[in-house]
Amino acid sequence: MELGNISQPVYGPGPEAPGSSTPGLVGMVHGFLRLVQPNALPIELIADFAQPQSEEAIEEQVQELLLYELGFLVCMAIGLLFIILMPLVGWCFCCCRCCGNCGGRMYQKQGRRMGCRRWALWASVLLVSALLLAGDVCAFISNARFSQAVSGTFPNVNNTLDNVRTYLASIPQQINFIIDSSDVTLSHANRSLQDIGPNLGGMIASGIRSSTDGALGSLQSLLQGMEMLAAAFGSIAGTRSHLEELQSNYSQRLTGLRDSLNQTLRRCGHPCDNVSLDGLAFSSNFSMIPSVEQQLEALGDVSGSNISADLEKVNSTLDKTPAEVQEQSRDVVTKTQDQLGLIGREVRSLKEQLPLLDVEESVGAFVGNAVSVLEEYREPMITLDRLRWRVCAVLCCIVLLVVLCNVVGLLLGPLGLKESVLPTQRSSLSNAGGNFFMAGVGFSFIFSWLLMLLVLIAFVLGGNIYMLVCESWRSQQLFQLLDTPGLIPGFNLSELLGQEGSTANFSDMYRQCQQDAALWQTLHLDQSVSLDELLNISQYTGEISKAFEKMNITLSPISLLTQRQRDLLLNASRAGQPPDFTPTLEQLNQNVTQGSLPDLAAELEKLADEVGVKVKEELKADARKLRELDKEMQTSFSAPLQSLKENIHSVQSGAVQLEAQTKAALDKASETQEFLERETANIIKNETWAFLEELLGCFETYISWAKSRLTGDVARCKPIAQTLDNVEAITCDYILDSLNAFWFSLGWCTFFLLPSIILAVKLAKFYRRMDIADVYRNEELEMPPTFNFYKIPRPSTRH
C-alpha cells in the first residue's frame, strides 16, 4: 500500500539586488555606526515604554533613552553647530574680506620659500579635491542605488509575498493530499473484503495444508510404491507363464531332436558310441518359480479401494475453501464496508478541524492587506523618491561644483603664473585660477550648511533604524523584543496565527523555520489539538472487529483414510512381501539346457569327418539343427529371463521397507486426522484474526503516516523564514545601506569642505593679481669673504 510523499511547492527567486554595489563604503558606514552606538538594544527599556508609567518613571526612562542615544546626540550636536556656525562664519568672512581684513587686502608678502609653500598648498588642495570627488562619486552611486532599491522594493516585496501566498496555498493542497490518501487505504481494505474468499480462504487453506501436505505426500508416495510393486509382481507372474509356455514348446522339439540323433548315432555305430545326448533337456523347471498371486491380490485390493481418489478429494475440498469462505462471509463484508464508508467520512471531516487552515486563512488575510497597502503607496513613494533623487543629485552637483572650481584653479593657476612676474602683474589666467578658488570657497560657505542639514536628517533616521532593526535582527535581540507581548499596539502574533489561547514565540518560530520544520511543530499545535483524538477511528474498527467475531466459517470435513483403507494398506504391506526367490535366481544363473548345444554340434561335426560317407551328411544336418535351435532358444529365453531377474530384484528391494513405510504413513495420517479434528476451528479463528489484523493494520498504517506527515511535512515553514530574511535584506541591505552610504558620502564631502576652504583661500593668494607688490631683491653685498655666506634682502613697496 503506497501512500506516497507530500510534494513541496516551487518558489520564486529571492529579492534582486540593486545594480551598483559599494561593499567597502558600506563596511565603513557600519563601522562608524557601531562606533557611534556601541550599546546593545535596551529591550527592557523599550518594553517599559509600551506600559503605562508614572511621570517619575517616564523621566527616568527618558534619561536612560538619552544615555543610550548619547553617540547620536553628540553627532547631532556637532551637526547642528556646523549648520549654525558655517553660515555665520561665512558671513563674517565675507564682511571681513570686504573690509580688507582677514586677508582681504590684496597684498602678499614675499619670502624665500614662496614656491615651496605654493606647491605644498597646491598638492594639499589637489588631495582634498580628490577626497571630495571620491566622496561625491560615492554619494552619486549611493543616491542612484537608493532609488534602484526603492523602485525594486515593490517587485521584490511582491515576489516575496507571492512566495508566501504559494506557501499558504500549498497548505490546503497538502492536507487534501493526506485526506485523499485515505482513499488508497479504503480501496485496499475494500478490495481485501471483496476478495475475502481468495484472501482469508487461501490463508485458512494454507494453514490446513501445512499439516495435511506431509501426510498426503507420505500416503501418495506409499501408494506409488505399492503400484510399482504390484506392477513388478504382475510382470513376474506374466514372465513365469511365458517361460512355462516356452519350456513346453521347446521341450517337445528337444525330444524330437534327441530321437532323431539317437537313430543317426545307431546307424553310425561304434564311432558314435561315446556321444551323450543327456544335455538335450532343460536345466530348470520354470513351473517351480514361486507364485505371486497372493501378493498381487493384496496389492490389487489397495488399487481397487480408490484411496488415491479419496486423497485427491482432500485437495479438492481445500481448493473449495475460498469459495465457501466467500459465501459464508457476505454479511460480515457488507457490515464492514458500511464501516469503511463511515471511516471515509470521518477522515474527510478532519479538514474542517485542523487548525492549520485557520493559520492559512489568518496569515492569508494579513498578506492580502499588506499587498493592498503596498499597491496603495506604490506610486506616491516612487514619485516622492524621484523628487528626493533630484534634490540629492543637486546637492551632489554642488559638491561637484566646488571640486570643479578647485580643479580649474589648480589648472589655471600654475599655467598662468610666472616666477619672475610681480604679484601686481600676474596674468589674467593666473588671476582666474585664484578667483575659481575663491568661488569654490563661496559655494562651500553658501551650501555646506544645507549639505550638513541633509546629512544630519539622514544620519539620525537611517543610522538609528539600522542599529535598532538591522543590527538587533542579526544579533537576535530584536526577536526578544518582538516576543514581548503587547509591545506593538494592535499586533498580536498569536491572534494572527489563529492561536488565541497560546503565546507564540517569534524567535523560536523563526529558528525552527530556518531549519525547515513543519508548521505543526513550529506553532506547537499538539498542545492545543490532539491528533490522536482527531484521527480516532477506534469506534469504527471496533464495530468491524465485532462483526468478524460473529462470523462463523465452517468447512467440509476432511478425512484422509477410512478404517477399511487403513486395514487394506496394512494387509498389503504384510501380504505384499515377496516369496523366496533364491532358488529361482540360482536356476536363472544357469544355462537353459543341461548341456551346451553348440558343443554337441561341434562334436557331431567332428564325427562326421571321421565316419563313413553313409551318416556323414546326417550328422552335419543334425549339427546344424542343434545350432539353429540353440540360437532360437537364446533369442526366446534371453529377454524374459532378464526381465524376471530385474523384477525379482525390484520386488525384493521394494518390499524391504514397505511395512515400515506403511506404518509410518498411517501413523502420520492418524496424527494429521487428529490434528484436523482438534485444530481446524482454531486455524479458521486464527487466520480470521490475522486477516482482521491485516485489514485494520492498513488503517493503523494510514493513521501513523498521516500523523507523521501532518507533524513533519505539511507546511514546512522555511519559506516564512526566507520571507523575513528577504524583508530584512530589502530593508537593511538595499534601502538602509544605500541611505546610510549616501549620508556618509555626503558627510565625508561636507567634512572635507572645511580644509578645502582654508587651503583654497591660502592658495588663491598665490595666483590672484595683487594691488600692492612686495618686491624681494636678492642681492649680495660686497663684504669680506667671511661674510659672503649671508644674503640680505632689500624690501621695497610699489603701487
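In which helix is Pro87 found? The close-up views below, all taken from a predicted model, begin with that residue and then move on to cysteines, helix contacts and two unusual backbone angles.

**View 1. Pro87 sits in helix H4.** Pro87 is found in helix H4, which covers residues 70-98. With a relative accessibility of 30%, Pro87 counts as partly exposed. Look across to Ile446: its C-alpha atom is 6.7 Å from that of Pro87, although 359 residues separate the two along the chain. If you set aside the neighbours within four places in sequence, Pro87 is in contact with Phe82 and Trp449.

**View 2. Cys470 and Cys732 form one of the two disulfides in the structure.** The bond between Cys470 and Cys732 has an S to S distance of 1.8 Å. The torsion about this S-S bond is about -95 degrees, so the disulfide is left-handed. Cys470 belongs to helix H13 (residues 428-474) and Cys732 to helix H25 (residues 718-764), so the pair ties together parts that are 262 residues apart in sequence. Both ends are tucked away from solvent by the accessibility criterion: Cys470 is buried at 0% relative accessibility, and Cys732 is buried at 1%.

**View 3. Cys513 is joined to Cys717 by a disulfide.** Here the S to S distance is 2.1 Å. A torsion of about -110 degrees about the S-S bond of Cys513 and Cys717 makes this disulfide left-handed. The pair links distant parts of the chain, 204 residues apart: Cys513 is in helix H16 (residues 506-514), while Cys717 is in the loop between helix H24 (658-712) and H25. How accessible is Cys513, buried or exposed? Its relative accessibility is 4%, so Cys513 counts as buried. Cys717, at 0% relative accessibility, is buried too.

**View 4. Cys138 and Cys749 are cysteines without a disulfide partner.** Why is Cys138 not bonded to Cys749? The closest cysteine sulfur to that of Cys138 is in Cys749, and at 8.2 Å it is too far for a bond, given that a disulfide needs sulfur atoms within 2.5 Å. Cys138 is partly exposed, with 23% relative accessibility. Cys749 is in no disulfide, and its nearest cysteine sulfur, that of Cys396, is 7.3 Å away. At 0% relative accessibility, Cys749 counts as buried.

**View 5. Helix H20 packs against helix H24.** The axes of H20 (residues 563-575) and H24 come within 8 Å and cross at roughly 165 degrees. That angle makes H20 roughly antiparallel to H24, since angles over 145 degrees fall in that class. The crossing of H20 past H24 is left-handed. On the H20 side, the residues that meet H24 are Arg566, Leu569, Leu570, Ala572, Ser573 and Arg574. On the H24 side, look for Leu658, Glu659, Thr662, Leu666 and Ser670. Sorted by class, this contact has five nonpolar, three polar and three charged residues.

**View 6. Helix H1 crosses helix H13 at roughly 90 degrees.** The axes of H1 (residues 23-36) and H13 come within 11 Å. The crossing angle makes H1 roughly perpendicular to H13. Which residues of H13 does H1 meet? They are Phe459, Gly463, Tyr466, Met467, Glu471 and Arg474, and their partners in H1 are His30, Phe32, Leu33, Arg34 and Val36. By class, the contact of H1 with H13 has six nonpolar, two polar and three charged residues. H13 is also the helix that holds Cys470 from View 2.

**View 7. Asp516 and Ala715 each have a positive phi.** Most residues other than glycine have a negative phi. Asp516 is not a glycine, yet its phi is about 60 degrees. You will find Asp516 in the loop between H16 and helix H17 (519-522). At 27% relative accessibility, Asp516 counts as partly exposed. Ala715, likewise not a glycine, has a positive phi of about 60 degrees. Ala715 lies in the loop between H24 and H25, which is where Cys717 of View 3 is placed. Ala715 is buried, with a relative accessible area of 1%.

Conventions. Residues numbered from 1 in each chain as written. Predicted model: local features only at pLDDT ≥ 70, side-chain atom pairs only at ≥ 80, totals over all residues. Heavy atoms only, no water. Helix = DSSP H or I, 4+ residues; strand = E, 2+ residues; numbered from the N terminus. Buried < 20%, exposed > 50% of the residue type's maximum accessible area, 1.4 Å probe, protein only. Axes fitted to C-alpha atoms, helices over the stretch in contact; angles between N-to-C directions. Parallel < 35°, antiparallel > 145°, perpendicular 65-115°, else oblique. Left-handed = near helix turned anticlockwise from the far one by under 90°. Contact = heavy atoms within 4.5 Å. Nonpolar A, V, L, I, M, F, W, Y, C, P; charged D, E, K, R; others polar.
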